[in-house]
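Please open the model in a viewer and keep the sequence panel at hand. The tour below proceeds by selection, with a description of what is found at each stop.

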Amino acid sequence: MLLQIQDGTLSIGGQTLLSHFNFEIKGNEKIAIVGPNGCGKTTFLRLLAGELLLDRDDHCQTPGIRMSRALTVEMLRQNAFSDTSLTVEQLLRGVCPCKDLWDRERFNWETEYDRVFTGFGFAKADQKKRLREFSGGEQTKIALIRLLLLQPDILLLDEPTNHLDLASTEWLEEYLRNYPKAFVVVSHDRFFLDQTATVIYDFRERRMFRYAGNYSSFREQRTKELALRKKEYERRQAEIRREEELIERFRHKPNKAAFIRSRKKLLERMPRIEKPEEDKVHSFTEAIEPQNRSAKWVLEAEKLKIGYDRALLELSLRIRRGQKIGVIGPNGAGKSTFLKTAAGLLPPIGGSLTLGQNVLIGYFDQQTAALQSDLTVIEHFQHLFPSMTDKDARSALGAFLFSGRETAKKVSILSGGEKSRLVLAELFVSRPNFFILDEPTNHMDIPARETLESAFRAYTGTLLFVSHDRYFVRKVAESLLIFEDQTVYYYPFDYEHYLAHRRAEGGEALRAALRAEDQALLAGLQNVPKKERHETHPLTTEQAYEDWQLRLAEEPLEEIRRQLTDFQESRDILREWKDPAYAREQREKAEMLRELYTQRCLDWYEIWEKLYSSSR
């Protein structure tokens, strides 16, 4: 046991944050702390750092915080440097444990120093700059580098990804997975927690509850735990009602006096079970159908040039009804510009963009969420949907976590995340068949994000969205559009599959990531019925040979697609398999099918491209 707290109580400013709680760090555990804003997560990190003390309790016999030995503990702070006149080199080299320039340990440290410094996106020349020449975010990154080089026994990190770009965040994830000592992290980045944490402590009811596994595992365990506690509570309440009904039925009958006394004693001795706290996340269990069914092809772009004063890039693309496509890529790559163009808010610079018949767009970005109104939430909602009953309006708002007092708030005083939730609730009530969303989860807390994820998984229409929330992308997107190097690539699988193959390829371009233009051609040809290919004029011998070649390539493709569909439909069942070895075997088989399907698609495309090129 590296560190242990038993029966501790922590207060600050006269307010008790944690009461009679237990906490422990074993060996080099990677621990994440989660809980609602304001519950005391950062304050708890300050306790571990030695800045605060546990409350004194004369009735507690434990020593408070107990350590197995003298430990070094370091914490990442937002304002880490009192002297910003130092150069980066002076600051970082000052933490080197070996002062001998020719020592082997010094050489190893210097190598690690260069690796960590450049891993966060800095150039080696930046080491000569003074700290005051860097922005606040860059200074926080330098402070994090310093802590990683110190390698304390317990590393405390408070929102370490706040000022990091995606490349730096992924580098930090890889580094922390291999960190040789323990760390405790507070973060709202659920994907980051999934990649780094092996233990989760959940702050609730002024206590801490320990769960083994990463964030996704914690959520599954927590959901099952709440369901069991709710059933147990309801069962106990039913027992209490039954006893009370018996007592009430026979209380006025003298010959039943002994029976009544025995039932009263039984009722008094019956242990009471506290009503479990409701999970703030709302889960959509039924499919959310669009109001109208759109045409098969929702959007078609041919040599579409997007931009403002000049073209940022050109792409050709077809989006099929029911697809859920996540758009990813660095800032400035043209993602938001593409969404605005697709929604009709920005005219194309060149090429063509066509929406299918009966397509009704629901568009969202941070500007549409900037609501200003003196109406309350419920008044605002009823004003937009006057035909809805009060009960239906409150039910629709409740599904997006507006219940009770929240509906009485004025729209103008809502936070950014609350306004976004309100706009999305309005869009879902309108039930468009094509959602176009630009950063829908910005400023939302975790329960709101998970509610939104549930809603879009239940939605059966077409979805095109940009998000930097990798956990949201992983949960919702079924395929990806990747914007990079002024080119758009289409990836036909989900984000988890994309990451696994990108790591396997060492960061090189994935063969399965087709140019969006190629994907458009593939999608078009794969969905042309065979009769339409033949009926226009009789086939020549060469055309018949070409068609025969394509059909030979299509047959294994269709078989693999069928098997893969079976696995995707049973994805939820896979999680429930009791035998871990069997579940792992089946997941590996599903992964193999995905890879085989990708290869069959590419084989088909190579044959088609060869025939198409020769016919031109």
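Begin with the open sheet of six strands, whose order is β5-β6-β7-β3-β8-β9 and whose pairing is mixed. The model on display is a predicted one. At the edges of this sheet lie β5 (73-75) and β9 (207-212), each of which pairs on one side only. From one strand to the next, the twist averages 20 degrees.

Within this sheet, select residues 30-34, strand β3, together with residues 199-204, strand β8. The two run parallel and are joined by four bridges. To place one of these pairings on the screen, display Ala32 and Ile200: Ile200, in β8, is the bridge partner of Ala32.

Next, add residues 215-250, which form helix α7. This helix lies across β3, β8 and β9, and its direction is at about 50 degrees to β8.

**A largely enclosed helix**

Select residues 41-48, helix α1. Is this helix enclosed by the rest of the structure or open to the outside? Six of its eight residues are buried, so α1 is largely enclosed by the rest of the structure. The buried residues are Lys41, Thr43, Phe44, Leu45, Leu47 and Leu48. Continue along the chain to Gly50, just after α1, where the backbone takes a positive phi of about 90 degrees.

**Two helices in contact**

Now select residues 104-119 (helix α3) and residues 166-177 (helix α5). Their axes are 9 Å apart, and the helices pack at an angle of about 140 degrees. That angle makes α3 oblique to α5. To view the contact itself, show the side chains of Glu112, Arg115 and Val116 along with Gly119 on α3, and those of Ser168, Trp171 and Tyr175 on α5. By character, the residues of this contact divide into three nonpolar, two polar and two charged.

**The sheet of three strands**

Move further along the sequence to a second open sheet, in which three strands are arranged in the order β11-β10-β13 with antiparallel pairing. Its edge strands are β11 (311-320) and β13 (350-355), each paired on one side only. On average, and ignoring direction, neighbouring strands here are turned by 15 degrees against each other.

Add residues 335-342, helix α9, to the selection. This helix packs on the sheet and touches β10, β11 and β13, while its direction makes about 125 degrees with that of β10.

Then examine the strand pairs in turn, starting from β10 (residues 297-307). How many bridges join β10 to β11? There are eight, and the two strands run antiparallel. They form a hairpin with three residues between them. Two pairings can be picked out: Gly307 has Ala311 of β11 as its bridge partner, and Leu304 is partnered by Leu315 of β11.

On the other pairing, β10 is joined to β13 by five bridges, and these strands too run antiparallel. Select Glu300 and Thr354 to see one example, since Glu300 stands opposite Thr354 in β13.

**A buried proline in a loop**

Centre the view on Pro440, in the loop between β15 (434-438) and α13 (446-458). Is Pro440 buried or exposed? Its relative accessible area is 0%, so Pro440 is buried.

Which residues are in contact with Pro440, once its neighbours within four places in sequence are left aside? They are Phe364, Ser420, Leu424, Leu452, Val466 and Phe472. For a distance to check in the viewer, take Leu424, which is 16 residues from Pro440 along the chain: the two C-alpha atoms are separated by 8.3 Å.

**The whole chain**

Finally, clear the selections and display the entire protein chain, which contains 20 helices and 19 strands. Of its 616 residues, 46% are buried. Among contacts with a separation of 6 or more, 68% come from residues 24 or more positions apart. With the surface displayed, the chain exposes about 32800 Å², of which carbon and sulfur atoms supply 49%.

Methods:
Residues are numbered from 1 along each chain as its sequence is written. This is a predicted model: local features need pLDDT of at least 70, side-chain atom pairs count only at pLDDT 80 or more; totals for chains, interfaces and linings use all residues. Side-chain values use heavy atoms; hydrogens and water are left out. Axes are lines fitted to C-alpha atoms, for helices over the stretch in contact, and angles run from 0 to 180 degrees between N-to-C directions. Angles under 35 degrees count as roughly parallel, over 145 as roughly antiparallel, 65 to 115 as roughly perpendicular and the rest as oblique. Contact means heavy atoms within 4.5 Å. Ala, Val, Leu, Ile, Met, Phe, Trp, Tyr, Cys and Pro count as nonpolar, Asp, Glu, Lys and Arg as charged, and the others, Gly among them, as polar. Two strands pair if DSSP finds at least two bridges between them. Buried means under 20% relative accessible area, exposed over 50%, partly exposed in between (1.4 Å probe, protein chains only). Accessible areas come from the Shrake-Rupley method with a 1.4 Å probe; for residues, only the protein chains shown count as cover.
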